[in-house]
Amino acid sequence: MTRTVFVDGVLNDRVAFVTGGGTGITGGVARALAESGAAVALVSRKIEHLEPAAAAINEKGGKAFAVAADVRHFDEVERAVTATIERFGKIDIVINGAAGNFLCKAEELSSNGFGTVVDIDLKGTFNVCRATIDELKKNRGQVLNISATLHYLGTPMQLHVSAAKAGVDALTRNLAVEWGRYGIRVNAIAPGPIEDTEGMSRLVPEPIKERLKKGIPLGRFGRIADIESAAVFLCSDAASFINGNVLVVDGGQWLAGNRLV
Ligand code: COA
């Protein structure tokens, strides 16, 4: 966040475990949490994405370290959790941002293609929540899942992701109910189209970008900073009674029914 409306150090003394935290939207969220005072563990498959992101945070005076793990594999997630606790002493914020996506018509999608995205987005989110529950209980921590709005309506060529994100929303609500008794909050953010992301450049063909933008009531694409602010708010004590919510941050796009991708 280059400019923030939050007071300095709003997340001081917190430790965040951020999957997909090297790049894109969740990379921005990790940076914003660090700028707000949290120590952050950046976790994803590719260490080469994570190390530059961790170095950039550390150079600016934040606390970050990179740990490689594929969220599809529970043992790898467990090892990353252990490494984070060894490094920073605890975990009290979990951000599930690791995701896979590609455009494919349902009739051409293979079973493995469907399963791969569900494994990364949905099973990966479960794996991370499951592997961090003891820490979250101990620290009355919280989970923030990065969802989507694709499944609110039918989105062509996104069956696999829509199914996975619908599951993420279900998991968010279930865990909010089951884990609320431990003082753990579980919420999600559903971003609309966010400019300057791999998703936008790879998944939205150039010719339809302008049409897509016109369908957003606020008349612009989202910025990574829009998601960063929502994440810092939900992770802060200002949101201490917010549990089981999926916060849509899309400029009103899905309500307007514009489902072009
Ligand atoms: N269209 C159709 N099917 C595809 C596909 C595409 N563009 N990309 C992958 N698949 C299918 C593969 O064909 C394979 O199925 P098959 O065995 O039946 O052929 C299955 O998905 C697994 O693909 P594979 O490349 O082996 O998986 P992976 O684990 O290496 O990577 C993704 C899977 C989804 C993560 C990959 O698309 C990727 O690396 N994407 C970039 C990162 C990303 O998506 N970030 C999110 C940005 S929004």
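The following legends accompany close-up views of a predicted model.

**Figure 1. The buried side of helix 7 in the predicted model.** Helix 7 spans residues 206–214, and its buried residues are I208, K209 and L212. These residues lie on the same side of helix 7, because they cover an arc of only 125° around the axis. An α-helix has 3.6 residues a turn, so residues three or four places apart point the same way. The partner of the buried residues of helix 7 is helix 6 (198–203), against which they pack. On the face turned away from the buried side, helix 7 carries the exposed residues P207, R211 and K214.

**Figure 2. The surroundings of K209 in helix 7.** K209 has a relative accessible area of 15% and is therefore classed as buried, the limit for that class being under 20%. When residues up to four places away in sequence are not counted, K209 touches M200, S201, V204 and F221. K209 is also one of the buried residues of helix 7, the set that packs against helix 6.

**Figure 3. The largest pocket and its lining.** About 1300 Å³ of space lies in the largest pocket. Its lining comprises 47 residues, of which A99, G100, N101, G199 and L203 are the closest to the centre. Two or more lining residues come from each of helix 1 (24–35), helix 4 (111–139), helix 5 (159–179) and helix 6. Helix 6 gives the most to this lining, with five residues. By class, the lining of the largest pocket divides into 19 nonpolar, 20 polar and eight charged residues.

**Figure 4. The second largest pocket and its lining.** The volume of the second largest pocket is about 210 Å³. It is lined by 13 residues, and those closest to its centre are R140, G141, Q142, R185 and D237. The lining of the second largest pocket has two nonpolar, six polar and five charged residues.

**Figure 5. The environment of D121 in helix 4.** D121 is buried, with a relative accessible area of 2%. Leaving aside neighbours within four places in sequence, the contacts of D121 are A98, A99, G100, V161, A164, K165 and V168. Two of these contacts, A99 and G100, are also listed among the residues closest to the centre of the largest pocket. The view also includes A190, which is 69 residues from D121 along the chain. The C-alpha atoms of D121 and A190 are separated by 13 Å.

**Figure 6. The environment of T125 in helix 4.** T125 counts as buried, at 4% relative accessibility. Its contacts, leaving aside neighbours within four places in sequence, are N96, I120, N145, V168 and L171. V168 belongs to the contacts of T125 and is likewise in contact with D121.

**Figure 7. Cysteines C235 and C104.** A search of the whole structure finds zero disulfides. For C235, the closest cysteine sulfur is that of C129, at 13 Å, which is too far for a bond; the disulfide criterion requires sulfur atoms within 2.5 Å. C235 is buried, with a relative accessible area of 1%. C104 also counts as buried, at 16% relative accessibility.

**Figure 8. Positive phi at D13, ahead of strand 1.** D13 lies in the segment before strand 1 (15–19). Although D13 is not a glycine, its phi is positive, at about 70°. Most residues other than glycine have a negative phi. D13 counts as exposed, at 65% relative accessibility.

**Figure 9. Positive phi at M157, in the loop between strand 5 and helix 5.** M157 is found in the loop that joins strand 5 (142–146) and helix 5. M157 is not a glycine, yet it has a positive phi of about 65°. With a relative accessible area of 34%, M157 is partly exposed.

Key. Residues numbered from 1 in each chain as written. Predicted model: local features only at pLDDT ≥ 70, side-chain atom pairs only at ≥ 80, totals over all residues. Heavy atoms only, no water. Buried < 20%, exposed > 50% of the residue type's maximum accessible area, 1.4 Å probe, protein only. Helix = DSSP H or I, 4+ residues; strand = E, 2+ residues; numbered from the N terminus. Arc of directions from axis to C-beta. Contact = heavy atoms within 4.5 Å. 1 Å grid on protein atoms, 1.4 Å probe; cavity = no way out; pocket = protein on both sides within 12 Å on 5 of 7 lines; lining within 4 Å. Points joined across faces, edges and corners; volume = space filled by probe spheres on them. Nonpolar A, V, L, I, M, F, W, Y, C, P; charged D, E, K, R; others polar.
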